[in-house]
Amino acid sequence: MPPSERFDHDVTTTCGYCGVGCRLEAHAVDGRVVSIAPALDGPANRGHTCLKGRFAHGFSRKRERLRTPLIRAADGDLRAASWDEAIALIARELSRIRDTSGPDAIAGLASSRATNEDCYVMQRLMRAAIGTHNIDNCSRVCHSPTSWALRQSFGLSGATGSFDDIEHADAAILIGANPTEGHPVAGARIKQATLRGLQLVTIDPRRIELSDYGVLHLSPRPGSNAAVMLGLAHVVARDGLVDHPFLDARTEGYDAVEDLLADYAPADVQRISGIPAGDLERAAHIYAEAENASLLWGLGVTEHKYGSEVVRLICNLALMCGKVGRPGSALLPLRGQNNVQGSSDMGALPDTFTGYQSVADEDVAQRFEARWGVSMKRERGLKIPEMFDAAVAGELKAMYIFGEDVAQTDPNTTHVVAALDALEFLVVQDIFCNETTRYADVVLPASSFLEKRGTFTNAERRIQLVEAAIEPPGEARTDFDILLAVSAALGHEMPFASPSDAMDEIAALTPDWAGVSHERVGRRGLQWPVAADGTDSPILYGSRFELPGGRARFAALPYKPPGSEADDEFPLVLVTGRRLEHYNAGTMTRRTGNLELLPSDWLELHPDDAARLWVSDGDLVSVRSAHGRIELPARVTERIEPGHVFTAFHFPEVRTNLLIGSSADVNTSCPEYKVVAVDVRPVAEQASRMPAIAAAP
Amino acid sequence: MSTPTATIRVEIDGVATEVAPGTTVLDAVRARGGEIATLCFDERQEPFGACRVCLIGVDGAPGPVAACTTPCRDGMKVDTRDPAALRVAAATVELVLSELPGPPAAHTELAIVARGFGLQHGALRWPGAQHEVEHDERHPYLTLHHELCISCGRCVRACDEVQGAFALTATGRGFEANIAAGLHQSFRESTCVSCGACADTCPTDAITEISLLAMVEPGER
């Protein structure tokens, strides 16, 4: 009996968890996924996957999956409703608000978990059916700084190479990322490469697992990344490691950088970052002297007040050493969600249509207007944090949130909840009730990645097919069908019979996607830009950068202190991140056996701090910032430096994001999740018999 | 590294063909659509040469050789249907089967290879000692059925060479050879990261997904 005879439906699809983009073989029996195996020919995963992609599929048939539309009844509870009723209500309310307050009183969020086609129709719905550019997606709160900075420095908004570059590199620097937990398959590839001789340098406030496999680990103070990158550049320049022929032929703006570097001698950087000067020098030499070396980074770079500037400084370093545009010399941002690259590529952004074409560009705007048969403004719409500000101010009256639990994952939860509360009308389209649906007037039951067709774009800019292994449960529908129905009810019919038709329109309107079609994507995927003849681009910038004159641009940006710093009241710095077993808000992984593997979260702190605070391993602690307070157990570990503490945000009961303020990246409004000054102290789990003496105010 | 340019000429079952230097006989045969049964081979791992099932005849060699670890050499003549090689390979599989307390599940690689050699668990020439049933089902997804382990080493190598968790260990010798998570711990107590690469590669379902256990119909067709 061949393997396929055990199952009644087999599809090859693309994982819906992180941005690595593993290709999977999903097997279903009687309408349930029973097993998922990695596809041997998956370009990013090459026959491997992790415990999320392989095992965490049971959520798809959990009893609490949303199966019918829900409408907020007069008594305040959500009640089941028909699709006709729910869509009619949405059309009526959004039309009323548009007519009385204008289209810009409405905003939408597309989902980085959904397909390219879903995101494309969502932004078309907001722009064409409603008439506003108030559309954004959750890359705002993760890699928008990367997207922005890569466009400024090199021209295109994506990795310059592929995961294959990890194996072609002689050295690599990994900055602010923990791939063996956040991107496990990429992490495994990096680890295997180190075992075969890759010289890996890790830069992270925590000693991550890959630090044990690297040749050098640097632990900077949270918020000092800019100084570290400038220090590396200083050493490269000082020690004669600059690739001058590359600089002269292919870049502009180095002179201003050279002047700036004088202030970032290793001793200066040691003062700012705490990294020993000798280690910084060694790291610079490892990178610059390697024949091919790559730079990889994650949210530890971007989720800062100056995250976008640090990405530009990372680009500077690659340019100084001429390490871009060839195998093994790549810049690889580790994108968080399965389609966070694609949701931005698809124009679910307030300032760009598909392929980062500006809404302010007259020719571009007219092309979209002609195709959609509408007229649009030339001014950008609101970014996510601006939407919440506008809602609290009473200017934004309605939101349509698709596949994002903002009340759990966005910073400054108190402010987000106030914004959701202030809205006149909120539509949430999701697969489960979550923290955000508490504030919804209509909840639409949608589909998971196992139940839909379309494409995701991974962290290598690779567009890959998604196939349905099972049907959406109950009356739930695919996001694509829901969005088309809502748009039609608002009076804007989209001419798509299937996601494949939507992709054809994307290709027609987007020069970088000109040759993309579902048929061409096939089993191997296509890395954009894709020419009209279907030729794709695994490596960017081999001969020219996508900027005027074909030259890359240096950025002369100094180090500036972070938005939040430890002080007497909040003496520790909290860094937030991820755990291997769970994914983001945990909506899916907490409903699988992964919860048995990791049932709760903890706060990591250094033994010195633990001793000073009278905290033992396992004790319940209170973590208080200027914005909120949470409680969770402590874990004492030497993987973190004294003065720093760490936790994740996967568990709604912990509500980590209550602690995060509104400080955000200066260019992209990406929140500063990675630096929060906090006060940690033990909490008695039961009231003590003797009244405690009050803590100092 | 320099890119190899020269090609190597070999003859497979009488058909001349050219391959790149470093190509193994197994790769060369499979690249041309041919089939050689294997048990310890997985394209994601370095060839191991342990199971002695992929045996072939090579002109001038003193006996059958393992296709997975034998590199093609210029002028080599390979016979994938060499009677001595097939006889030894079939006997090897027969001995492997004889240690199992029952026939392997029909969908497994071992069952497919056994069928290829016309072997049935119930009709073996050398019935001998069989492994005692010992199941570990303490993990939410992964289960370990020790009696089905044939010591091919694929799970250990998947854990080391694909994932890098180094959680699985080969234990014991001879009939006692088996595998263990960590130092005879459960998966969860070891350094296992639950990636499932071991279950994915296992040719006998000694490690498999708990969710699939209920779907397996034991026995042979």
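A residue is called buried here when its relative accessible area is under 20%, and by that cut-off 66% of the 697 residues of chain A are buried. Keep in mind throughout this tour that the model is predicted.

**Stop 1: the whole of chain A**

Select chain A and colour by secondary structure, and you should be able to pick out 24 helices and 26 strands. The C-alpha atoms of chain A, taken along the principal axes, fill a box of roughly 75 × 65 × 65 Å. The radius of gyration of chain A is 25 Å, which agrees with the value near 26 Å that a compact globule of 697 residues would have. If you draw the contacts within chain A between residues at least 6 apart in sequence, 74% of them join residues at least 24 apart.

Now switch to a surface for chain A, which has an accessible area of about 23100 Å², with 49% of that area belonging to carbon and sulfur atoms. Colouring the charged side chains of chain A brings up 69 positive and 94 negative charges, and the mean positions of these two sets are 2 Å apart.

**Stop 2: the domains of chain A**

Next, colour chain A by its domain assignment, in which domain 1 covers 3-61, domain 3 covers 144-333 and domain 4 covers 572-682, while domain 2 is put together from 70-139, 338-448 and 473-494. Select domain 1 and domain 4 of chain A together: their C-alpha centres lie 31 Å apart, and the contact between them takes nine residues from domain 1 and eleven residues from domain 4.

**Stop 3: A:Leu423**

Zoom in on A:Leu423, which you will find in the loop between helix H19 (413-422) and strand S15 (425-430) of chain A. Is A:Leu423 buried or exposed? Its relative accessibility is 9%, so A:Leu423 counts as buried, given that the cut-off for buried is under 20%. Show the side chains around this residue and, leaving aside residues up to four places away in sequence, you will see that A:Leu423 touches A:Ala391, A:Leu396, A:Lys397, A:Ala398 and A:Met399. For a sense of distance, select A:Met503 as well, which is 80 residues away from A:Leu423 along the chain, and whose C-alpha atom is separated from that of A:Leu423 by 33 Å.

**Stop 4: the whole of chain B**

Move to chain B, where the secondary structure consists of six helices and ten strands. The radius of gyration of chain B is 19 Å, close to the 17 Å that the globule rule gives for 221 residues, so chain B is as compact as a globular protein of that length. Along the principal axes, the C-alpha atoms of chain B fill a box of roughly 55 × 45 × 30 Å. Of the 221 residues in chain B, 52% count as buried, and among its contacts with a separation of 6 or more, 60% come from residues 24 or more positions apart.

With the surface of chain B displayed, about 10700 Å² is exposed, and carbon and sulfur atoms supply 53% of this area. Chain B carries 17 positive and 29 negative side chains, and 5 Å lie between the centres of the two sets.

**Stop 5: the domains of chain B**

Finally, colour chain B by domain, with domain 1 at 1-124 and domain 2 at 135-208. Taken over C-alpha atoms, the centres of domain 1 and domain 2 of chain B are separated by 24 Å, and the contact between these domains takes 16 residues from domain 1 and 16 residues from domain 2.

Notes
Residues are numbered from 1 along each chain as its sequence is written. Chains are lettered from A and ligands numbered from 1 in the order in which they are written. This is a predicted model: local features need pLDDT of at least 70, side-chain atom pairs count only at pLDDT 80 or more; totals for chains, interfaces and linings use all residues. Side-chain values use heavy atoms; hydrogens and water are left out. Helices (H or I, at least four residues) and strands (E, at least two) are DSSP runs, numbered from the N terminus. The radius of gyration is taken over C-alpha atoms; the globule rule is 2.2 Å times the number of residues to the power 0.38. Buried means under 20% relative accessible area, exposed over 50%, partly exposed in between (1.4 Å probe, protein chains only). Contact means heavy atoms within 4.5 Å. Accessible areas come from the Shrake-Rupley method with a 1.4 Å probe; for residues, only the protein chains shown count as cover. Lys and Arg count as positive and Asp and Glu as negative; His and the chain ends are not counted. The place of a charge is taken as NZ of Lys, CZ of Arg, CG of Asp or CD of Glu. Domain bounds come from an automatic or database domain assignment.
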